[in-house]
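Here are some notes to read with the structure open beside you. Please take the points in order and look for each one in the model yourself.

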Amino acid sequence: MSPPDVITTVAALRATVRGWRDAGLTVAVVPTMGALHDGHLQLVRVALERAARVVVTIFVNPAQFSPSEDLDRYPRDEAGDLRKLAAVGAQVCFMPDVGEMYPDGFASAVRIAGLSEGLCGASRPHHFGGVATVVAKLLNQAGADFAMFGEKDYQQLLVVRRMAADLDIPTEIVGVPTVREPDGLALSSRNAYLDEARRRVAPMLYAELGAAARDLGRGAAAGARLGQTRAALEAAGFDAVEYVELRAAETLEALDLIADRPGRLLAAVMLGGVRLIDNVPVDAAR
């Protein structure tokens with residue numbers, strides 16, 4: 001497959017998309033921060049099923065990192081990313097620099113109330129504002145019919161959907177199921193930080209969430225059952241359990257029991273200085 005065209009300016013991206021539109025072609029965008037793995041590539045594959053042309057964006061967004069987080073050491077592999085995108089058939093890679101995305105005098109921000117609060121928003125208060133701001137810009141810049149986001153970052157997916165609806169951005173936000181390693185670990189660029197011993201512990205997050213989801217679907221109360229999950233994760237070797245919570249799948253409202261509406265079981269843990277997140281659906285047993 002041919003390598004994607006690399007575009008670095010908003011003006012050039014818009015000109016390319018305008019040419020596609022004039023030819024009657026549909027367009028999808030896949031926003032990423034690079035260090036691409038098969039989870040990202042699955043977003044591209046789904047995008048190619050939906051649209052005739054796909055733009056993958058690679059931008060490590062400083063606005064979503066706090067001063068104590070890993071912006072400077074976040075994995076970067078531009079050459080490897082382009083090879084992977086060529087293999088799956090993405091037509092364009094948009095790689096702006098910070099000055100292109102946040103030029104001198106930039107003073108605007110997008111804040112999504114409610115959905116961005118709690119869960120990851122409790123420990124990362126700057127994160128979702130930074131995500132919403134940069135995604136709003138990328139959606140406006142690309143002018144795509146579809147935008148693909150992974151369900152691993154489930155709270156982010158709902159925040160982006162709310163933002164697009166509230167700001168009347170006509171791009172359809174498409175959630176794509178989490179891609180996992182054979183042992184269940186959700187793919188993440190930050191998995192590269194795990195040493196061999198901690199990598200053996202990491203899959204227990206998904207295993208424990210799956211066990212809890214089955215019990216919650218059979219009617220177990222969240223309070224007691226998730227206390228057991230927290231204890232099991234600590235015993236498995238995780239350094240800290242930031243949260244394990246049962247929420248309504250559409251609104252992230254806290255739930256204690258699963259009845260007629262679907263839920264989502266979400267967790268964040270620390271393992272050797274690496275923050276891992278995961279989630280699984282919870283539905284009432286029939």
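1. In this predicted model, helix H6 is followed by Gly-143, and the phi angle of Gly-143 is positive, near 55°. This is a good place to begin, with the end of one helix.

2. Helix H6 itself covers residues 127-142, which makes 16 residues. The expected span of a helix is 1.5 Å times one less than its number of residues, so for H6 one should find 22 Å, and the end C-alpha atoms are indeed 22 Å apart, which agrees.

3. Is H6 mostly covered or mostly open? Of its 16 residues, 14 are buried, where buried means under 20% relative accessible area, and H6 is therefore described as mostly covered.

4. Turning to the whole chain, you should be able to find ten helices and nine strands. The radius of gyration is 19 Å, close to the 19 Å that the globule rule gives for 286 residues, so the chain is as compact as a globular protein of that length. Along its principal axes, the C-alpha trace spans about 55 × 40 × 40 Å.

5. How much of the chain is buried? The share is 52% of the 286 residues, while the accessible surface comes to about 12900 Å², of which carbon and sulfur atoms hold 50%.

6. Among the contacts in the chain with a separation of 6 or more, 72% come from residues 24 or more positions apart.

7. Finally, consider the charges: the chain has 30 positive and 36 negative ones, and the mean positions of these two sets are 2 Å apart.

Key. Residues are numbered from 1 along each chain as its sequence is written. This is a predicted model: local features need pLDDT of at least 70, side-chain atom pairs count only at pLDDT 80 or more; totals for chains, interfaces and linings use all residues. Side-chain values use heavy atoms; hydrogens and water are left out. Helices (H or I, at least four residues) and strands (E, at least two) are DSSP runs, numbered from the N terminus. The radius of gyration is taken over C-alpha atoms; the globule rule is 2.2 Å times the number of residues to the power 0.38. Buried means under 20% relative accessible area, exposed over 50%, partly exposed in between (1.4 Å probe, protein chains only). Contact means heavy atoms within 4.5 Å. Accessible areas come from the Shrake-Rupley method with a 1.4 Å probe; for residues, only the protein chains shown count as cover. Lys and Arg count as positive and Asp and Glu as negative; His and the chain ends are not counted. The place of a charge is taken as NZ of Lys, CZ of Arg, CG of Asp or CD of Glu.
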